[in-house]
Structures are given as C-alpha cells and as structure tokens.
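User: I'd like a close look at one part of this protein, the main pocket. Could you walk me through what lines it, and then what sits around it?

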Amino acid sequence: MKYYKDLRIVFMGTPEFAVASLDALVNAGCNIVGVITAPDKPAGRGMQLQQSAVKKYAVEHQLHVLQPEKLKNPQFLEELKALQADLQIVVAFRMLPEVVWNMPHMGTINVHGSLLPQYRGAAPINWAVINGEKETGVTTFKLKHEIDTGDILLQERFPIGDNETSGSVHDRMKEIGAQLLVKTVQGLAEGTLNETPQSDITHQTSDIKHAPKIFTDTCRIDWNKPVADIHNQIRGLSPFPGAFTQLEGKTFKIYQATKEEGNATETPGTVLTDKKTFLKFACADGYLNVKELQLEGKKRMLTEDFLRGYRFQE
C-alpha cells in the first residue's frame, strides 16, 4: 500500500473535458510523471498547428508530454515504459491497445460520463439527454479488453434538469468527474476500493442503453415525432453538433427551444411566426418554440434578433 502522492501516474487525455481531471490531480499533489495527448493538428484559417487543451495545460504546468501518432509505435512504448508508472489514467482519449493499458502494475483507470453499464460508447452525455433521462452520473473503472466494460471503482449520480443541454451537463460532469477521480486514486493507493464487475449490474437490469457516435442522421429533426422527443433531441445535441431542420431551403440549427404540448392543427414541420417575437414548428402533438438558432451562413442568435433581420419568402 502506498500513499497516493507517492504513486507515479501517467495521464492520457486530449479535450478540455480532460483538463479538469488533470488539474484536480495536480492540485491534490499527485505525482504526474507523464501526459499523453494527441499530436498538434492544423486548424483555423491559417491552418496553424493547434495544441490540444490537455497539452496546453501540461506545458503551462511543466509536465512531461508525449504525443504519439500511433500507440503501438515501439519508440513510444519504450518511452512510456521508461516512465515506470504505477497507474495510468485515461479521460476522453482514444482506445488503448492492451500493450498500453496493461503496462502499469496497478492497471489503467478511465473516467466515463455515465452510470456504467448504461451508455457505453462515444457520446454518453448526448444520449442521456436525447433519451430524456432525469439523472446521469460519472464512473471510474478499470480498463479491460472490451470498451467501457471494466470493473467499476466509484460512481456519482446527479440530476439532469428538464431544459438542460448536453453542454451544461458536460460542464458540471467534468468537475464532478475530476473530484471522483481524485477519490478513486486515493482509494486505490490505500487499498480501500472494492471493484464491482459490470456483469453484476447487467444481471439486474434488462434495459441497457448505448451511446454510439453522433452522426448527421442523429441531428436531423423529424417533425412527425412527439414534441417532447424533439425537445430532448435539441437539448442533447446543443451546443454541438446541433439538431437541424430546413427553413426555406437552408439548414436551420436549433440550440434552445421550449415545448408546447397539445393538439397541433397544422401539418408537422409547418412554420408559424409573427415575424417579430416568435418562431415555432408544428410537431405530432404540439409545437416547438425556437429560442436560439443558427441559419446556414449566419452566426448563432436569439429568435428575436433573427426575426428582426430575416425576410420570409412570400
């Protein structure tokens, strides 16, 4: 048994979501001996090389950074082995080959944005909101062969508000997950955590939901659906990549809306507006009132601002 600050930890992550976890570990005094993140990528108009959010943080805090193109590259594997990690931590990174996740003697742990075994996959936050869940949570677990199936270490639940977007759930989750990760590292070091196989939980529930990648079809609004389902779809895809429909032949993204349940007399998809204060679409069983939107080629804006400048075809 070691004190958690004595553990040699390698952290793997790329986007801003992972930065909160890395920051929490640094602030808790953990010994981060290496940070693995994605290679710099050209982005923006000038196609300048951009560092990942995790790399920026690591450089600012003078942490040792590795950016392998391929995780099975022999040179990278030698460099990783030389760090002599007791434990590896993965937050919002790519799939690891066994030669990587099996390297440290304490294994590799992952922070996942759902209450596993629910919502295994690439987009757990989006799908929980799209499916109208009232609560979600975050799980720390040990990595093994099949993705998101390892033994559970700790979980923390929290509610999802009726009008909350995946963006706001993401922002709360990254902080909750970061604190749960620190507790997990402390518990592993002290030997106080019990590992729970996910099969123990799956035996108790028949309804396992999945969280596959979000594709264009996931984002296309079908106005024949119930208004509650469309409202959840919009919330679950906001702010990115955004649910969309067509308005007078142009792509029309909806980021925020309210629902009016009741019988709609118009054909689903019909647009109703006074051209000043409201814009709504008829659905199967009510109306969806658009509050924040983006028309193709324009910036994101509030409905009132959009209506002030938009001329509808007669």
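Analyst: Let's start with the pocket itself. The largest pocket has a volume of about 1,300 Å³. Its lining takes in 40 residues, and the ones closest to the centre are A92, F93, G121, A122 and A123. Keep in mind while you look that this is a predicted model.

Which elements give two or more residues to that lining? They are β7 (108–112), α5 (124–130) and α6 (166–190). The largest share comes from α6, which puts in four residues. As for chemistry, the lining of the largest pocket splits into 23 nonpolar, ten polar and seven charged residues.

Since α6 gives that largest share, here's a bit more on the helix. α6 runs for 25 residues and covers 35 Å from its first C-alpha to its last, close to the 36 Å expected at 1.5 Å a residue. Just past the end of α6 you'll find G191, with a positive phi of about 70°.

Now go to the loop between β7 and α5, the two other elements on that list. P117 lies in this loop, and the peptide bond joining L116 to P117 is cis, with omega of about 15°. Y119 is found in the loop between β7 and α5 as well. Its backbone is worth a click: phi of Y119 is near 55°, which is a positive value in a residue other than glycine. Is Y119 buried or exposed? Y119 counts as buried, because its relative accessibility is 3% and the cut-off for buried is under 20%.

For contrast, try Q84, which sits in the loop between α3 (74–82) and β6 (87–91). Q84 also has a positive phi in a residue other than glycine, in this case near 50°. Q84 is exposed, though, because its relative accessible area is 57% and exposed means over 50%.

There's another cis bond to look at while you're checking the backbone. The peptide bond from F240 to P241 is cis, with omega near 0°. You'll find P241 in the loop between α9 (227–236) and β10 (243–247).

Next comes the second largest pocket, with a volume of about 230 Å³. It has 14 lining residues, and L115, Q118, E133, E135 and R157 lie nearest its centre. The elements that give two or more residues to this lining are β8 (135–142) and β9 (152–159). By type, the lining of the second largest pocket divides into six nonpolar, three polar and five charged residues.

Finally, zoom out to the whole chain for some context. It holds ten helices and 15 strands, and its C-alpha trace spans about 70 × 55 × 30 Å along the principal axes. Of the 314 residues, 49% are buried. If you take contacts between residues at least 6 apart in sequence, 65% join residues at least 24 apart. The accessible surface of the chain comes to about 16,000 Å², and carbon and sulfur atoms account for 49% of that.

Technical notes: Residues are numbered from 1 along each chain as its sequence is written. This is a predicted model: local features need pLDDT of at least 70, side-chain atom pairs count only at pLDDT 80 or more; totals for chains, interfaces and linings use all residues. Side-chain values use heavy atoms; hydrogens and water are left out. On a 1 Å grid over the protein atoms alone, a cavity is a set of points where a 1.4 Å probe fits but cannot get out, and a pocket is an open set with protein on both sides within 12 Å along at least five of seven lines; lining residues have an atom within 4 Å of a point. Grid points are joined across faces, edges and corners, and a volume is the space filled by probe spheres set on the points. Ala, Val, Leu, Ile, Met, Phe, Trp, Tyr, Cys and Pro count as nonpolar, Asp, Glu, Lys and Arg as charged, and the others, Gly among them, as polar. The expected span of a helix is 1.5 Å times one less than its number of residues. Buried means under 20% relative accessible area, exposed over 50%, partly exposed in between (1.4 Å probe, protein chains only). Contact means heavy atoms within 4.5 Å. Accessible areas come from the Shrake-Rupley method with a 1.4 Å probe; for residues, only the protein chains shown count as cover.
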